[in-house]
Amino acid sequence: MHTQPMPPLTKDQFAQALQERIAQAGETRPIQYEPNEFQLVSSDGQALNLHNAYDEFQLAPPTERAEILHKYARVWSLGPPEIPETFAEAAHHLLPKIAD
């Protein structure tokens with residue numbers, strides 16, 4: 001999807017833009033930006049590290065940057081994955097380790 005070109009943003013501007021996009025998507029929990037860790041954290045502890053998102057945003061063509069914000073707002077809305085309570089629930093996600 002191509003939209004109006006977006007200029008490069010500073011890390012703080014990017015975090016603010018993503019916070020706004022998450023709120024527009026319907027998030028009702030307060031979200032705090034932690035600049036020292038470069039992450040967003042909800043009031044109940046959900047966290048999104050922004051390093052990779054920011055790098056992807058900065059490297060994207062200006063016409064695709066809005067879609068990067070939209071993509072990471074969707075990632076936020078998925079929430080953290082649930083940890084399986086039993087081995088049987090986790091078994092199909094496990095992979096063998098290959099020794100050197």
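**Nonpolar core and helix α3 of the predicted model**

Phe14, Leu18, Ile22, Leu40, Leu50, Phe57 and Leu69 touch the most other members of the largest nonpolar core, which has 22 residues; such a core is a set of buried Ala, Val, Leu, Ile, Met, Phe, Trp, Tyr and Cys residues joined through side-chain atoms within 4.5 Å. At least two residues of this core come from each of α1 (11-24), β1 (31-34), α2 (51-59) and α3 (65-78) (DSSP runs numbered from the N terminus, helices being H or I of at least four residues and strands E of at least two). The model is predicted: local features need pLDDT of at least 70 and side-chain atom pairs pLDDT 80 or more, while totals for chains, interfaces and linings use all residues. Residues are numbered from 1 along each chain as its sequence is written, and side-chain values use heavy atoms, without hydrogens and water.

Leaving aside residues up to four places away in sequence, Phe14 touches Leu9, Phe38, Leu50, Ala53, Tyr54, Phe57 and Leu69 (contact means heavy atoms within 4.5 Å).

Helix α3 has 14 residues and spans 21 Å from its first C-alpha to its last, close to the 20 Å expected at 1.5 Å a residue (1.5 Å times one less than the number of residues). Its buried residues are Arg65, Ile68, Leu69, Tyr72, Ala73 and Trp76 (buried means under 20% relative accessible area, exposed over 50%, partly exposed in between; 1.4 Å probe, protein chains only). These residues lie on the same side of α3 because they cover an arc of only 135 degrees around the axis, taken from the directions from the helix axis to the C-beta atoms. They pack against α1, β1, β2, β3 (47-49) and α2. Ser77 and Leu78, on the other side of α3, are exposed.
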